[in-house]
Every structure is written in structure tokens, then in C-alpha cells.
Amino acid sequence: MVNSDKNELYIKGKEMSDDRTDRWQMAAQAIVNAGMAPYEIGDTLIGILQEIMDNKQADFVKIFSEKPSLNLDQIKEKCGWEEDTILKMLDSLMHGGVVVGTTSKSTGIMVYRLLGPVPGLFEYTNLRGETDDKHKRLARLFEKLADERRQMAQENYDTFSEASKAMPPLVRIVPIEEEIGETVDKIMPTEEVSGIIDKFDDVTLAHCYCRHAKDLLDKSCQVTDERLNCILLGKSARFAADYKFGKAVTREEAKQVLAKAADEGLVHKAFHIHLSTDLDEEAICNCCKCCCGPFQSYHKGMSPYHCYSSYLAEVNIDTCTACEECVELCPVDAIEMVDMAAFVKIDGCIGCGVCVHQCAEESIQLLRTESRNVYLPLKRVNA
């Protein structure tokens, strides 16, 4: 049975194991409700929570069940604890990457937000690049959780596909900067990845959580050996630096990371606060097809691929040598060979510029479009 509400889309009725108590079920429900993607509340998710929280922390996070973001006064009202006790609990949960605390730009009040499973807990358990047995267990559990979600999506394909359409794009694709050609229209600073970096005083560099998780599973990246290429910005950068999830760096150092990522064929993705492009960016990832969570989720039939983009690749068939390099590199398989030349599927192109940057014959260019919603439907895949 599937509940089609976007935050409570999970399969019910599975037999519980002996150690699965109401405490962990309720904590898991609060965390699923806090997230953007549907996950089954079962032994795998509860196993993840038991690795990163103790019993008292699990009891505490239930106060976020109805609202995933609360200020201190709201927390006091819900739990009735003394302020010092609450702050110690919040500090422990922030150190563990279960709760994120940042100051509201509009009110100046500290707001504490419970994280969902993915994105959320997965990222913060991997940002530090820890390699102990606990984090290896977590990597295996998160991989199993992804497999369960794929199975859930495929078994409930029609319902899942329809529910997914209501979810906003997760990221905005930022093209490789040196491949943005001159246009009549003025290029917006936020369309240039260096322009995004220049907006922020606080920049933090952390481990790529996707590649680190693959390393823990002995499935290392096929594209790059670099791991410190996840860039956090603004409030998220300050939080990550304060709680040792990453290291504060200069703008120039961040730009060097981005330049290397472009040369290695990685895709720049900007994550915006509350997934709204009207609000500031909070992170830039540099992604590959073999490790990136959203790319992998799309190719494995776990979820659609949904993003914003303002560019589109176009091939000059007169100079294309049919080397097929761009076909191999495209992270969403939007390029195919037609009559011995590369052909870009307009509806599938995310405008990342990787094919342009890597084309030895300079036969591909990026064309600027209006900001558009690129939606690649959930794939049907074999088990």
C-alpha cells in the first residue's frame, strides 16, 4: 500500500524485527517527513539512525515531526527541558549531522532544521571523509536504502512517477564557465560559477560525499581522484566549518577546485536555499555520472532527473568527427550518434557544457536559453 503524499510515500505492513521499537519508528517518521524524497520506514533506515543517534537523541528528534525547522523557543515549548540541556542536545545532533542550525536572514533568530535521509543524513555522514568501521557500515546501509527505494519506485511506477512530478528541481546546472559564448543578452553573474563564489564571504571545502561513499564500498570514481571538491557557501559554509564538516577556504582556492573539476569532465551543480532559485546558493557540487547520487538515482530507476538549466548544447555536424567522446561523457545520455555525427536530444540536455569542454574538434557549443525546467522521467529498469 502506498500513500501518495510526497513526504509519506512509503510501504506499510512489513514485519518488524525484535529491536525495532516505537522510539525508532517515530524518529524515522520525523526524519522522512523532514526530507524531500520518499523512503520506506523499515529496518534499513532505522539501522542508519541507530548508527548515528543514541536513544535520547532519537526521542528528542520526534519534536520535529510536525515541523522540521524550529527555533529555541518553539523547542522549549515542545519538550519542556531547560535551555542549557536543549542546547547541549542540539549541539550533539549538529555535530552528528542530524540537525543543522543557521541564523534566519530575515529575523536574525537561530533556526534548527532536522535533516531528511537523502539529501540530508547521507551527505553529512560523508562530508568529513571518515573511513572507520561505523562509516563503512553506514555506506552499506545507505546503498541498501537506495536499492529499496529503487524497488519501491519500480513496483509502484505510475504512482511514484505522478507524485515525483510535483517535487521541485533539486539543483540548478551551472555551465563550465569558459564555454559560455558571447550572446546579445547579458550573462547573469550567477550563470558563471566564479560569479557565484564571489557572492559569498564564507566558503568551505569538504569531501564529495557521493565519491567518499563509493570509496567506502570499494567502488571508486572512474573520472577523478579528487575528493575535496564539495563547496559550501554562506550560512551552510559557516555551519560546516564550525562543526568540522569541512575547511574554510578562500574564494580563489574554491575557483581552482572548480577549474580542475571542469578539466576532469565534472558537472557544476548549484543547490539553492529551499530549492528556490530566487534565494542564494548554499552549495556547489562537481558531479560525475558514476558516483553522483541524483545521476545514479536517475540511471538506476530510483527517481526522475529534474533540474534548472539556461543552456543547451549544439553540435556542428560539418566538423564533428564521430569520435563518440561526447556520447560517453554526457551524464544524462542526451547525446547519440545519427548519420555519423553527434546529435543532442534537446529535451534531455541539461546544458552542463561537459561535452563542449572535452570536444577536441571544438564541434560543440553552448547556446543560451531562457531558464528552463529539464525533467527526465523515471526510467523503467530491470531488477
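Rings of Phe, Tyr and Trp (its six-membered ring) pair if their centres lie within 6.5 Å; planes under 30 degrees apart count as stacked, over 60 as edge-to-face and the rest as tilted. Keep that in mind for the first stop.

Before you start clicking: residues are numbered from 1 along each chain as its sequence is written, and side-chain values use heavy atoms, with hydrogens and water left out. This is a predicted model, where local features need pLDDT of at least 70 and side-chain atom pairs count only at pLDDT 80 or more, while totals for chains, interfaces and linings use all residues.

**Stop 1: a ring cluster**

Select Tyr124, Phe239, Tyr243 and Phe245, which ring pairs link into a cluster. A search of the whole structure turns up 10 aromatic pairs. Tyr124 and Phe239 make one that is edge-to-face, with 6.0 Å from centre to centre and 75° between the planes. This pair links distant parts of the chain, as Tyr124 belongs to helix 6 and Phe239 to helix 11, 115 residues apart. (Helices, H or I with at least four residues, and strands, E with at least two, are DSSP runs numbered from the N terminus.) Tyr124 and Phe239 are both buried, where buried means under 20% relative accessible area, exposed over 50%, and partly exposed in between (1.4 Å probe, protein chains only).

**Stop 2: helix 11**

Now extend the selection to residues 234–242, which are helix 11. Its buried residues are Gly234, Ser236, Ala237, Phe239 and Ala240. What do the buried residues of helix 11 pack against? Show helix 5 (83–95), helix 6 (121–126), strand 2 (99–103), strand 5 (203–206), strand 6 (230–233) and strand 9 (281–287), and you have the set. Contact here means heavy atoms within 4.5 Å. Step just past the end of helix 11 and you get to Lys244, with a positive phi of about 60°.

**Stop 3: strand 8**

Go to residues 267–272. Six of the six residues of strand 8 are buried, so the strand is largely enclosed by the rest of the structure. Colour the two faces separately: Val267, Lys269 and Phe271 lie on one side, and His268, Ala270 and His272 on the other.

Next, bring in the partners. Two strands pair if DSSP finds at least two bridges between them. Strand 4 (residues 171–174) runs antiparallel to strand 8 and is joined to it by three bridges; look for Arg172 with its bridge partner Ala270. Strand 9 also pairs with strand 8 in the antiparallel sense, over six bridges, and here His272 has Glu281 as its bridge partner.

While Lys269 is on screen, add Phe295: the charged end of Lys269 sits over that ring, 3.6 Å from its centre. The cut-off for a charge over a ring is NZ of Lys or CZ of Arg within 6 Å of the ring centre and within 35 degrees of the ring normal. For another case, select Arg380 and Tyr157, where Arg380 lies over the ring face at 3.7 Å from the ring centre.

**Stop 4: an open sheet and helix 5**

Show strands 1, 2 and 3. They form an open sheet in the order 1-3-2, with antiparallel pairing. Strand 1 (69–71) and strand 2 are at the edges with a single partner strand each, so one side of each has no neighbour in the sheet. On average, neighbouring strands are turned by 30° against each other, direction ignored. Five bridges hold the antiparallel pairing of strand 2 and strand 3 (residues 110–114), and Gly101 stands opposite Tyr112 in strand 3.

Helix 5 lies across strand 2 and strand 3, at about 110° to strand 2. (Axes are lines fitted to C-alpha atoms, for helices over the stretch in contact, and angles run from 0 to 180 degrees between N-to-C directions.) Zoom in on Leu90 in helix 5. Is Leu90 buried or exposed? Its relative accessible area is 0%, so Leu90 is buried. Not counting residues up to four places away in sequence, Leu90 touches Phe60, Ile75, Val99 and Tyr112.

**Stop 5: the cores**

From Leu90, hop to Phe60. Leaving aside neighbours within four places in sequence, Phe60 contacts Ile75, Cys79, Trp81, Ile86, Met89, Leu90 and Leu93. Phe60, Ile75 and Tyr305 have the most contacts inside the largest nonpolar core, which has 101 residues. Such a core is a set of buried Ala, Val, Leu, Ile, Met, Phe, Trp, Tyr and Cys residues joined through side-chain atoms within 4.5 Å. Its largest share, seven residues, comes from helix 1 (residues 22–34). For a last selection, try Ile197, Leu205, Ile231 and Leu233, which are among the 15 residues of a second, separate core.
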